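User: Please take a close look at one single spot in this model. Then work outward from there and show me how the chain is put together around it.

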Amino acid sequence: MPDRVRASVTLFLFCLVLLPLFAHADNSPLPAGVRSALNVRDVPHDSLSIHVEDVDTGEVVMHWLADEPRNPASTMKLLTTLVALDTLGPAYRWKTNVFALGEISDGRLDGDLLLRGHGDPFLVTERVWQMLRAIRRLGIDEITGDLLIDDSYFDTGDYDPAAFDRRPLRAYNVAPNALLMNFKVVRYWFEPNGPTVTVRLDPALDNLRIDNRLRVAKAPCRGYQRGIAITTNADNDQVTFSGRFPNGCRRYAMDRTVLTHNEYAYGLFKSLWQESGGVFEGGWRNAIASEDDKPLLSFESLPLADMITSVNKHSNNVMARQLLYTLSAEVLGAPGTEAGGREVISTWLSDNKLELSQLAVENGAGLSRESRITAADMAVLLRFAWKQPYMPEYLASMSLTGIDGTLSRRFRNSDLAGKAHLKTGSLDHVTAIAGYLQSRSGRRFAVVVLQNFEDIHRGPGEEVQEALLRWLYEQ
């Protein structure tokens, strides 16, 4: 055979070998925009899992590595809130019971006031104020004794707020508590005042001491924490601010956790009680309410349907954890525990024949390095929820693209604005999104995107998500 013919045959055979590879690339189920977003950032395609299906017909539109277990970050909250809705019902309310341990006469309680918490996830400052006003309306203006606190409805064990990322003062690391008030968070406001910096607190707590060592520097308003260093003492009841605050900042806010749960509850109670004109100079201590005593007041929370909106739209971690502990206490009996919450979820999945074989739940919030789920299994949950009578409440709990929640700034002023209800998730090296999208043609899809890869949370993951959602919107 002549060399020229032999070379042509060799080239032909070589092309036959490569042809399947090129064909696979051309026929990849990943949309061109998704492939482009991955390739431009040099992100491997196998770091990504996608499952998309039509919720009305059940047609699977895309299934890309959807059976690979991955860290879902905060999209895990979709499981916790779904189980809570189905188990407790949309109208479920938590109660904070108030007991007067003494005689009430002429506006004076001659004794102690006891608060027993049952895990209200949203007992924020405004709600605490409403509760105290309700107590005042029952004829108590002065309390001669102490504030007694019963938080025994939950058992959190030896919780370490620094365990996740060594940032114990961050609000997302707050431990659950049966008498959680205002997420145990103070907002500090900083304003330059000549060479010094004025620091204001909201809420103001009498039992929290501030050591303000800040000085003003001539600089624009930028930099990590605007140059503010924050430290606490061993008892966590004194906060020290130091560093150089830029005079280019007219005002700057920082949210951080303080005190223990019960110290915080006492400080907030005392501050608001006195602000409302009440008299109280006592201290606080732990106590257990008697089962035989009738509460003076049962202050009810907002309904569960409203609570899961805060959990999913704003990705509130401590509220999601409160849900998990509540499930444990309500189904298995008090005290509620994290392990008990996981058991309730496992039993619920089994009872509803939702076998998620590769599911790993840690705390119900997704703030975890160990949580795992597949995109296909997440879609199973979305499909189940779509068929339930509480589907509207579940759907409404998720962020609307370009409008509110964690998606308020994404897809704004685009065709996708308002077209999808989605829960986002982000951790170091993790991005995720899951929920429902209505396409231009009116079709409704359940969509799940999970991606785990180095630095994927720094932008590339959102680019992949956007490319997929834009493609899906045109289907």
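Analyst: Start with one term. A residue is called buried when its relative accessible area is under 20%, exposed when that area is over 50%, and partly exposed in between. Now apply the term. Ser 399 has 0% relative accessibility, so it counts as buried. Keep in mind that this is a predicted model.

Where does Ser 399 sit? Its place is in strand E17, residues 399–400. Its side chain has polar partners. A polar atom of that side chain lies 3.2 Å from the backbone oxygen of Lys 313. A polar atom of the Ser 399 side chain also lies 3.2 Å from the backbone nitrogen of Thr 406. Leave aside residues up to four places away in sequence, and Ser 399 still touches several others, among them Asn 312, Asp 404, Gly 405, Ala 420 and His 421.

Follow the Lys 313 link. Helix H6 runs over 304–313, and Ser 315 sits in the loop between H6 and H7. Ser 315 has an unusual backbone angle. Most residues other than glycine have a negative phi. Ser 315 is not a glycine, yet its phi is positive, about 50 degrees. Ser 315 is buried too, with a relative accessible area of 17%.

Next comes the largest pocket. It holds about 490 Å³ of space. Its lining has 21 residues, and Asn 316 is one of those nearest the centre, together with Ala 171, Phe 183, Val 185 and Asp 255. Helix H4 (125–137), strand E7 (185–193) and H7 each give two or more residues to this lining.

Move along the chain past H7. Pro 335 is in the loop between H7 and H8. Most peptide bonds are trans. The bond from Ala 334 to Pro 335 is cis, with omega near 0 degrees. A cis bond also joins Asp 202 to Pro 203, again with omega near 0 degrees. Pro 203 is in the loop between strands E8 (196–202) and E9 (209–212).

Then H8 begins. A side-chain oxygen of Thr 337 reaches to within 2.9 Å of the backbone nitrogen of Gly 340, at the start of the helix. Check the length. H8 has 14 residues, 338–351, so at 1.5 Å a residue it should span 20 Å, and its end C-alpha atoms are indeed 20 Å apart. Its buried residues are Gly 340, Gly 341, Val 344, Ile 345, Trp 348 and Leu 349. These pack against H3 (77–88), H7 (317–332) and H9 (375–386).

Lys 353 follows just after H8, with a positive phi of about 55 degrees. Its place is in the loop between H8 and H9. Lys 353 is exposed, because its relative accessible area is 70%.

Now look at H3, a packing partner of H8. Of its 12 residues, 10 are buried, so H3 is largely enclosed by the rest of the structure. Among them are Lys 77, Leu 78, Thr 80, Val 83 and Leu 88. The expected span of H3 is 16 Å, and its end C-alpha atoms are 16 Å apart, so the two agree. Gly 89 follows H3, and its phi is positive, near 90 degrees.

One more link ties parts of the chain together. A disulfide is a covalent bond between the sulfur atoms of two cysteines. The whole structure has 1 disulfide. It joins Cys 221 and Cys 249, with their sulfur atoms 1.9 Å apart. The pair is 28 residues apart: Cys 221 is in the loop between E10 and E11, and Cys 249 is in the loop between E12 and E13. The two ends sit in unlike surroundings. Cys 221 counts as partly exposed, because its relative accessibility is 32%. Cys 249 is buried, at 1%. The torsion about the S-S bond is about 95 degrees, so the disulfide is right-handed.

Finally, step back. The chain has 11 helices and 20 strands. Of its 475 residues, 52% count as buried, and Ser 399 belongs to that group. Among contacts with a separation of 6 or more, 69% join residues 24 or more positions apart.

Terms used
Residues numbered from 1 in each chain as written. Predicted model: local features only at pLDDT ≥ 70, side-chain atom pairs only at ≥ 80, totals over all residues. Heavy atoms only, no water. Helix = DSSP H or I, 4+ residues; strand = E, 2+ residues; numbered from the N terminus. Expected span 1.5 Å × (residues − 1). Buried < 20%, exposed > 50% of the residue type's maximum accessible area, 1.4 Å probe, protein only. Contact = heavy atoms within 4.5 Å. Polar contact = N/O pair within 3.5 Å; in protein donor to acceptor, adjacent residues only side chain to side chain. Disulfide = S-S within 2.5 Å. 1 Å grid on protein atoms, 1.4 Å probe; cavity = no way out; pocket = protein on both sides within 12 Å on 5 of 7 lines; lining within 4 Å. Points joined across faces, edges and corners; volume = space filled by probe spheres on them.
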